[in-house]
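Biologist: Could you walk me through this one and show me how each label is earned?
Modeller: Gladly, let's take the labels one at a time.

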Amino acid sequence: MLNLLAISGSLRAASTNSALVAALARNAPAGGRVTIYDGLGRLPIFNPDDEGERTPRAAAELIDAVTGADGIIVSCPEYAHGVPGGLKNALDWLVSRDAAVAKPAMLAHASPRSLFARAALAEIMRTMSFAMYDGGLEIALLGKKPPEVEGILAEPGNVVAMRDAVQGFAEFIRGQT
């Protein structure tokens with residue numbers, strides 16, 4: 001069983017990025033499981049003085065979740081042409097750990113306009129030594145209300161796109177080992 005960890009970079013209750021990772025979890029292909037990391041809002045601000053034995057519990061849970069996953073999927077909004085602070089903070093907790101080194105990662109996007117954040121996030125993750133999957137997923141959900149989002153994510157073509165994206169990522173992961 002392939003164990004994937006999905007992280008939404010948004011803390012909004014009606015986040016399209018969170019809806020996208022939830023839909024990925026619901027539509028995981030056979031032989032795979034997508035678990036959603038929901039601790040982003042509980043992470044303290046990264047401080048290198050708090051590493052090692054002083055690592056806060058919430059940060060240790062993130063590190064363990066990433067370490068235990070076969071790969072991670074990140075869906076991230078764009079704020080002011082950049083990666084939201086909460087997601088960047090989560091990545092900072094992983095910087096000096098082995099959790100990210102050669103860990104397969106895929107980006108999923110809920111907005112076709114998040115080009116600056118995509119580039120920044122990919123650069124950050126490559127710098128951290130994640131093994132970035134060139135494929136990915138984009139389903140345009142920008143500006144949609146929750147009932148519309150759920151309808152779009154339930155469309156047969158989008159369900160197939162999600163399964164295909166995760167299946168392609170799974171093949172990438174298997175090729176890494």
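## From labels to values

Modeller: Let me start with a pair: Arg 97 and Glu 51 are both buried. Keep in mind that this is a predicted model.

Biologist: What makes Arg 97 and Glu 51 a salt bridge?
Modeller: Their side chains meet at 3.8 Å, N to O. The cut-off is within 4 Å between a side-chain nitrogen of Lys or Arg and a carboxyl oxygen of Asp or Glu, so the label applies. Arg 97 sits in the loop between α3 (85–94) and β4 (104–109), while Glu 51 belongs to the loop between β2 and α2 (57–68), so the pair ties together parts that are 46 residues apart in sequence.

Biologist: How many salt bridges does the rule give?
Modeller: The count is eight salt bridges. Another of them joins the side chains of Arg 54 and Asp 50, at 3.3 Å from N to O.

Biologist: Why does Arg 54 count as exposed?
Modeller: Its relative accessibility is 57%, and exposed means over 50%, so the word fits.

Biologist: What about Arg 57 and Glu 61: what makes that pair a salt bridge, and how are the two placed in helix α2?
Modeller: The N to O distance is 3.4 Å, and the limit is within 4 Å, so the pair qualifies. The two residues are four apart in α2, which means about one helical turn separates them.

Biologist: Why is Arg 57 called exposed, and why is Glu 61 called partly exposed?
Modeller: Arg 57 has a relative accessible area of 68%, and Glu 61 has 40% relative accessibility. Over 50% is exposed and under 20% is buried, with partly exposed in between, so each label follows from its value.

Biologist: Now the helices. What makes α2 roughly perpendicular to α3?
Modeller: Their axes come within 10 Å and cross at roughly 75°. Angles of 65 to 115 degrees count as roughly perpendicular, so that is the name for this crossing. At the contact, Ala 59, Leu 62, Ile 63 and Val 66 of α2 meet Ala 90, Trp 93 and Leu 94 of α3. Helix α2 also lies across β1, β2 and β3 (71–75), running at about 135° to β1.

Biologist: How do you know that β1 and β2 are paired, and in which sense do they run?
Modeller: Six bridges join β1 (residues 2–8) to β2 (residues 32–37), and the two run parallel. Pairing needs at least two bridges, so six settles the matter. Among the partners, Leu 4 stands opposite Val 34, and Asn 3 has Arg 33 as its bridge partner.

Biologist: What holds paired strands together?
Modeller: Strands of a sheet pair through backbone hydrogen bonds.

Biologist: What makes β4 and β5 a pair?
Modeller: They share five bridges in the parallel sense, and at least two are needed, so they pair. One of the matches is His 109 with Glu 138 in β5. From β4, the chain passes through helix α4 (residues 115–127) to β5 in a right-handed β-α-β crossover.

Biologist: Which strands are at the edges of the sheet, and why are they called that?
Modeller: The five strands form an open sheet ordered β2-β1-β3-β4-β5, with parallel pairing. Strands β2 and β5 (131–138) each have a single partner strand, so one side of each is left without a neighbour in the sheet. From one strand to the next, the twist averages 25°.

How values were computed
Residues numbered from 1 in each chain as written. Predicted model: local features only at pLDDT ≥ 70, side-chain atom pairs only at ≥ 80, totals over all residues. Heavy atoms only, no water. Buried < 20%, exposed > 50% of the residue type's maximum accessible area, 1.4 Å probe, protein only. Axes fitted to C-alpha atoms, helices over the stretch in contact; angles between N-to-C directions. Contact = heavy atoms within 4.5 Å. Right-handed = clockwise from strand over helix to strand, strands pointing away.
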